[in-house]
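Please look through the sequence and the structure below before reading the report. The text then goes through selected helices, loops and single residues.

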Amino acid sequence: MTHKIGVLFDLDGVLVDSEGEYSKFWGPMGRRYNVGSPTFADDIKGTTLGEILRAFPEGEREGIVDELHAYEERMVYPWIAGAENFVNELRSLGIPFAIVTSSDNVKMDYLFTAHPDLKEKITALVTGSMVTNSKPDPEGYLTGARLIDVAIENCYVFEDSLQGLEAGRSSGATVIGLATTNSRERLNGKAHKIIDDFAGFTVEDMLSVKKIIIGLP
């Protein structure tokens, strides 16, 4: 039976407050290998690890992945304000939801060690290894909608990165942007609604968001 609505969450910067920690890793890594962009850590947000590694010498990539996993194992994964309550409300109402992330399975194991209850609550998980095309391509969100058995036009996407917001809009979903890693000004016009975080935000608030906003597809 097809559900009426569903929710698709990005992970870092949406459910857990970890984007800043990744900037601390990828910023210095980009400088170490002189990748050529002073904004490298911001440019890659929402991008799969495979795509990120293309910026580095092929012979160094395995070592970089090892360093990344060691770093992720030490990371703390605190909830974005209000996110845990929002997830619990979705669960209580029987609304299916998926995490759609560019992270790999090793990182997800670390996350679920920190939040074992989250693994039991999600309906589906889409990781970077499950898609061919990184955000801003909509493939990840289309895959997530299929896995939770909800038509993409009946899904709400929650995103914080510019690439992710574009992916959500391209997929045909209703997109809600979180101003956690980018300012509201930078997100303006890139989502159907912008919120600071989930504090005080309810499922009723989500359902009130209208898809048709001037200037957005």
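The report starts with how the values were obtained and then turns to helices, backbone angles and two single residues.

This is a predicted model, in which local features need pLDDT of at least 70 and side-chain atom pairs count only at pLDDT 80 or more, while totals for chains, interfaces and linings use all residues. Residues are numbered from 1 along each chain as its sequence is written, and side-chain values use heavy atoms, with hydrogens and water left out.

**Three helices**

Helices (H or I, at least four residues) and strands (E, at least two) are DSSP runs, numbered from the N terminus. A residue is called buried under 20% relative accessible area, exposed over 50%, and partly exposed in between (1.4 Å probe, protein chains only). Contact means heavy atoms within 4.5 Å.

Helix H5 spans residues 83-93, and its buried residues are Ala83, Phe86, Val87 and Leu90. They lie on the same side of H5 because they cover an arc of only 100° around the axis; the arc is that of the directions from the helix axis to the C-beta atoms. Asn85 and Ser92, on the other side of H5, are exposed. The buried residues of H5 pack against strands E1 (6-9), E2 (97-100) and E4 (155-159), and against helices H7 (116-121) and H11 (203-207).

In H8, the buried residues are Glu139, Gly140, Tyr141, Thr143, Gly144 and Ala145. Their cover includes E1, E2, E3, E4 and helix H9 (162-171). H9 in turn has Gln163, Gly164, Leu165, Ala167, Gly168 and Ser171 as buried residues. These pack against H2, H8, E4, strand E5 (174-178) and helix H10 (184-187).

**Backbone angles**

Most residues other than glycine have a negative phi, and most peptide bonds are trans. The table lists residues with a positive phi.

| Residue | Phi | Place |
|---|---|---|
| Asparagine 34 | about 50° | loop between helix H1 (19-32) and helix H2 (40-43) |
| Glycine 94 | about 75° | just after H5 |
| Aspartate 149 | about 65° | just after H8 |
| Glycine 172 | near 100° | after H9 |

Asparagine 34 has its positive phi although it is not a glycine. Its relative accessible area is 64%, so asparagine 34 is exposed. Aspartate 149 is likewise a residue other than glycine with a positive phi, and it is found in the loop between H8 and E4. Aspartate 149 has a relative accessible area of 35% and is therefore partly exposed.

A cis peptide bond, with omega about 20°, joins lysine 135 and proline 136. Proline 136 is in the loop between strand E3 (124-126) and helix H8 (139-147).

**Two buried residues**

Is lysine 107 buried or exposed? Lysine 107 counts as buried because its relative accessibility is 0%. This residue is part of helix H6 (residues 105-114). Its side chain makes a polar contact of 2.9 Å with the side chain of aspartate 12. A polar contact is a pair of N or O atoms within 3.5 Å; within protein, one must be able to donate a hydrogen and the other to accept it, and residues adjacent in sequence count only if both atoms are side-chain atoms. Apart from neighbours within four places in sequence, lysine 107 is in contact with Leu11, Asp12, Tyr22, Glu72 and Tyr77.

Valine 65 belongs to helix H4 (residues 61-74). With a relative accessible area of 17%, valine 65 is buried. Not counting residues up to four places away in sequence, valine 65 touches Leu49 and Leu53. Glycine 50 is 15 residues from valine 65 along the chain, and their C-alpha atoms are separated by 9.9 Å.
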